[in-house]
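Biologist: Please take a close look at the aromatic rings for me. Walk me through how they sit and what surrounds them.

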Amino acid sequence: MAKNLLIVESPAKAKTIGNILGEDFEVKSCYGHIRDLEKGDMGIDVKNHYQPRYIVPEDKEKVVKELKSIARKSGEVWLATDEDREGEAISWHLCEVLGLDPGTTKRIVFHEITKPAIQAAVNKPRTVDMNLVNAQQARRILDRIVGFELSPVLWRKMSMKNNLSAGRVQSVAVRIIAEREREINAFTPVSSFKIEALFTAKDLSGKQVTFTAEGKKQASAENAEKFLQGCIGADYTVTDIQVKPGKKTPAAPFTTSTLQQEASRKLGYGVSRTMLLAQKLYESGKITYMRTDSVNLSETATEAVTGQIRSQYGDKYVQARKFKNKNESAQEAHEAIRPTYMDSMTVEDADCRRLYELIWKRTMASQMADAELEKTTAKIQISTNKEELTASGEVLKFDGFLKVYMEDRDEDEATEEDGQESMLPPLSVQQKLPLKEMKAIERFTRPLPRYTEASLVKKLEELGIGRPSTYAPTISTILKRTYVEKRDKEGVKRDFRILQLKDDTIKKVTEQENTGAEKSKLFPTDLGLVVTDFLKQHFDDIMDYSFTARIEEEFDEVANGKILWSKMIDDFYNPFKKDVDTTIETAERISGERELGIDALTGKKVIARMGRYGPMVQIGDTSNEEDKAKFAKLKNTQSIETITFDEAMELFKLPRNLGVFEGSDVVINIGRFGPYIAHDKKFYSLSKEFDPYNITFEEATPIIVEKRAAKEERTIKIFEKEKIQVLRGPYGPYIKQGLRNYKLPKEKQETAADLSIEEVKAIIEDVKANPPKRVPRKKKTS
């Protein structure tokens, strides 16, 4: 009897399921999506109810051919793509390509790749859910329309070397980052003075220990000094002690969003890395499906978790819980992300181990008892001014879930007091306390921090923008398009004042702290800021948070069969198309121009603006042909919005002539591809560790010698007149003409040094006429 053919998205998933199902099934992978919209003319028939025109991409033709061949020989074809909308759409595309009836073809879904789950799915197959397919199709079509219509608007209205593009969710994500950046730039820190008093008292063993009490914040240095003066010669008496029980409750099991956030905070992983590892764990049967916005655990899973807690820690650590979703539309999958087998505390794969252990701990903690605390608050009166100080302490009476796991917090949720609660010594009412010292320490308000990848995901989720499957691709896209960059920011030194009362004497000191340092944060580029402003001005709906969230809700309604996908697209497209046409006709070109001042030497305007190759500053007017304008490129850390006149003028110090080396000038400059050294009509790029504005002659000359030697070592032959080189590369000899490289045929590689100019030109012409086929990058498998 012919085997059944079961199709999944990835080879890893196929291998795991194949091992479970045995000989009755042949399990094959379709390697992700097998069809996509045509590239030309949008790939959508707008006049015919937005009917999509799908094609099988060239890199998938072989896969489709193989699946068709196996399907013909198989008893029955089953579809087992992922259980979300994207997976449902892949199943439908397989039906279309393989000539299967989606109304009768067996489709199975499961949220974990384990033997019981797969067997249960096989015993209860369903058919393709066309509502889910249409919801995914609507998303794809709407996003294609937005990209296809908006991108040409940007091309026409902005002169850039790269073709610009815009996207529905991506443009909103850039707006979020841009607005935060502007809030930070506009923020003015306000200082106040924190009052801290250090007292001593005996602990339970009779040993003198020091503890801290805090007073009311003082608005200015004068107020702080007045407060300390009022404490000279004072007695300090405990007037009240409150002891209250407290508790900490564990967080819910992971959703896609919370896993991305916590992997970022605890492991330092980017969103894409987290999803790559999570997919690997899912496909190898270690965790449940990794794209979900549900916090639910099945009854079987809850029993397995509580059983594991009981066996490891005992009954008192068990507290079974049912978590409720905040998001009412959570239906991408049925269950939270959890290990498939709770008795597996780790995995062998070194790459996946840390993420798996994080998921295991979070799942365990979610079904464990609360941590029990005892919080003590003591009020201490100052005799001279009747002001009050407060000392707080916290004791952990029962660790509960903290034995396994504690959720981290983002910077914008953290407070100064976090992690500062310590144990107080035994105190009693009317007890007199000796003061060691009292300080008034200057503290400054801080703006909200820039977004990390994970905190951006959290913000998108809060706004209802995107779904679990879209967060990682959205962030990858805005980084790739250079609307946003991920980088570190160095802190700056800042003075702060301390007033100290000790032995009835007030002393004033100024100390320094590092402020504003940030790591792996998302910064909008000048391009991102300018494009955001343009889109907000002309396409306010597309850039509106609530409008974008409403579109997501409409996708959910399509998935639930409540509205027709073509009607939803129609309601969006008609007003949107009018905006596109109006903008192309009436909108001015974008420059993001900002006037900085007048150059004292020439009397000409100095402006910062977007140029063809990125942000730049300019002295003079480009329209005056007789007296040409001067240009300088902004540094990576500078922005059109914040650069000052002095900083701009500093940029015109290039080119810098450092001196003469081997009879030729050593000149530093910045070109299209970054900073470089020019020497003897040759150019040597500068690495990031060297600042072109500060590099010295002594630093530059060794770079020339080293790079020249490396180039000579690579050089096989040079045709000076034709400006063609034959060079050694990591994959063998090749020809370089201008910026283009041409691979040498195998039979010519050993005799590369003997090639004539005629032979070299013939090879170039041959490669141009018969370009090598590009090997496509593998798409994500789900």
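Modeller: F539 is buried, with just 1% relative accessible area (buried means under 20%, exposed over 50%, partly exposed in between, using a 1.4 Å probe and protein chains only). F576 is buried as well, at 4%, and these two share one aromatic cluster with F547 and F572. Bear in mind that this is a predicted model, where local features need pLDDT of at least 70 and side-chain atom pairs 80 or more, while totals for chains, interfaces and linings use all residues. Residues count from 1 along each chain as its sequence is written, and side-chain values use heavy atoms, with hydrogens and water left out.

Overall, there are 12 aromatic pairs (Phe, Tyr or six-membered Trp ring centres within 6.5 Å; planes under 30 degrees apart are stacked, over 60 edge-to-face, the rest tilted). Take Y54 and W92: with centres 6.1 Å apart and planes at 75 degrees, they come out edge-to-face. Y54 is in strand β6 (54–55) and W92 in helix α3 (85–98), so the pair ties together parts 38 residues apart in sequence (DSSP runs numbered from the N terminus: helices H or I, at least four residues; strands E, at least two). Y54 counts as buried at 18%, and W92 is buried at 12%.

Back to F539 and F576: their pair is tilted, 6.1 Å centre to centre with 50 degrees between planes. F539 sits in the loop between α14 (526–538) and α15 (540–543), F576 in helix α17 (565–586), 37 residues apart.

W92 also has R35 over its face, 5.5 Å from the ring centre (NZ of Lys or CZ of Arg within 6 Å of the centre and within 35 degrees of the ring normal). R273 lies over Y269 at 4.5 Å.
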